[in-house]
Amino acid sequence: MKPEKLPDKSPKTELDAVFAELPNLRALTEIKPSAKSPYAKLMKQLLFDIGYSVSTNLPAFADRKVDQPKMRAALSDTYDTPAQEAVRAFQTHHFSGRRRAYNILNTAAEKSLPRAGTLDAATIEAILQHWFAAMTQTK
């Protein structure tokens with residue numbers, strides 16, 4: 001199944017900040033491990049929004065639903081190990097089977113594949129697609 005084209009404009013005002021960054025995110029070929037950038041933080045925020053644990057040191061908040069904007073803002077701008085593990089989990093779930101292969105076991109046969117946990121262009125696009133679907137679904 002081919003991913004849908006995301007609209008050029010945000011359907012909701014609370015999504016405007018992400019939509020403003022879509023062209024920049026789509027221009028990235030990779031966010032490297034340990035890289036510090038606003039795009040690393042934004043990708044962590046998108047993963048957080050769709051339910052992935054991207055940090056081991058978020059402050060405790062009383063209510064995740066109420067405090068979600070504060071929790072998003074508290075995420076660091078480093079593509080660190082917890083974020084890489086979240087990306088690996090996302091890839092395992094969404095790219096399983098023949099859809100896209102990643103180097104998981106580090107065997108000779110897998111050397112030509114991107115390493116699991118790599119935040120590459122295909123993964124960035126898939127995260128954007130899933131985030132958009134989650135954020136615009138009617139409840």
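This is a short walk through one predicted protein model, from its overall layout to its aromatic pairs and a few single residues.

Hello everyone, and thanks for coming. Some ground rules to begin with. Residues are numbered from 1 along each chain as its sequence is written, and side-chain values use heavy atoms, with hydrogens and water left out. Since the model is predicted, local features need pLDDT of at least 70 and side-chain atom pairs count only at pLDDT 80 or more, while totals for chains, interfaces and linings use all residues.

Let's start with confidence. The pLDDT, which is the predictor's confidence in each residue from 0 to 100, averages 80 over the protein. A score of at least 70 is reached by 69% of the residues. Which elements sit at the two ends of the scale? Helix α3, residues 64-74, has the lowest mean pLDDT, 75, and α2 has the highest, 93.

Now the layout. You'll see 5 helices and 2 strands; these are DSSP runs, with helices being H or I of at least four residues and strands E of at least two, numbered from the N terminus. Along the sequence the pattern reads α-β-α-α-α-β-α. Of the contacts with a separation of 6 or more, 63% are between residues 24 or more positions apart, where contact means heavy atoms within 4.5 Å.

What about the surface? The protein exposes about 8,600 Å², and 55% of that comes from carbon and sulfur atoms; the areas are from the Shrake-Rupley method with a 1.4 Å probe, and for residues only the protein chains shown count as cover. I'll call a residue buried under 20% relative accessible area, exposed over 50%, and partly exposed in between (1.4 Å probe, protein chains only). Of the 139 residues, 37% are buried.

Please find helix α2. It has 12 residues, and its end C-alpha atoms are 16 Å apart, which agrees with the 16 Å expected at 1.5 Å a residue; that expected span is 1.5 Å times one less than the number of residues. How many of its residues are buried? The count is 9 of 12, so α2 is mostly covered. Among them are M43, L46 and L47.

Those three turn up again in the largest nonpolar core, which has 29 residues. A core here is a set of buried Ala, Val, Leu, Ile, Met, Phe, Trp, Tyr and Cys residues joined through side-chain atoms within 4.5 Å. The residues with the most contacts inside this core are M43, L46, L47 and L119. Helices α1, α2, α4 and α5 are the elements that give it two or more residues. In soluble globular proteins, nonpolar side chains tend to be buried together. Take L47 as an example: leaving aside neighbours within four places in sequence, L47 touches Y52, V54, A86, V87, F90 and I127.

Next, helix α5, residues 121-136. Its 16 residues should span 22 Å, and the end C-alpha atoms are indeed 22 Å apart. Its buried residues include I124, I127, L128, W131 and F132. What do the buried residues of α5 pack against? They pack against α1 (16-27), α2 (38-49), α4 (81-94) and β2 (119-120).

On to the aromatic rings. The structure holds 2 aromatic pairs. Rings of Phe, Tyr and Trp (its six-membered ring) pair if their centres lie within 6.5 Å; planes under 30 degrees apart count as stacked, over 60 as edge-to-face and the rest as tilted. F19 and F132 have ring centres 5.8 Å apart and planes at 70°, so they are edge-to-face. This pair links distant parts of the chain, with F19 in helix α1 and F132 in helix α5, 113 residues apart. F19 is buried at 7% relative accessibility, and F132 is buried at 16%.

The other pair, Y52 with F90, is also edge-to-face, with 5.9 Å between centres and 65° between planes. Here the loop between α2 and α3 supplies Y52 and helix α4 supplies F90, 38 residues apart. F90 is buried, at 0% relative accessibility.

Finally, a few single residues. S34, in the loop between β1 (30-31) and α2, has a positive phi of about 70° although it is not a glycine. Is S34 buried or exposed? With a relative accessible area of 57%, S34 is exposed. P69 in helix α3 is exposed too, at 56%. T92 in helix α4 is partly exposed, at 49%.
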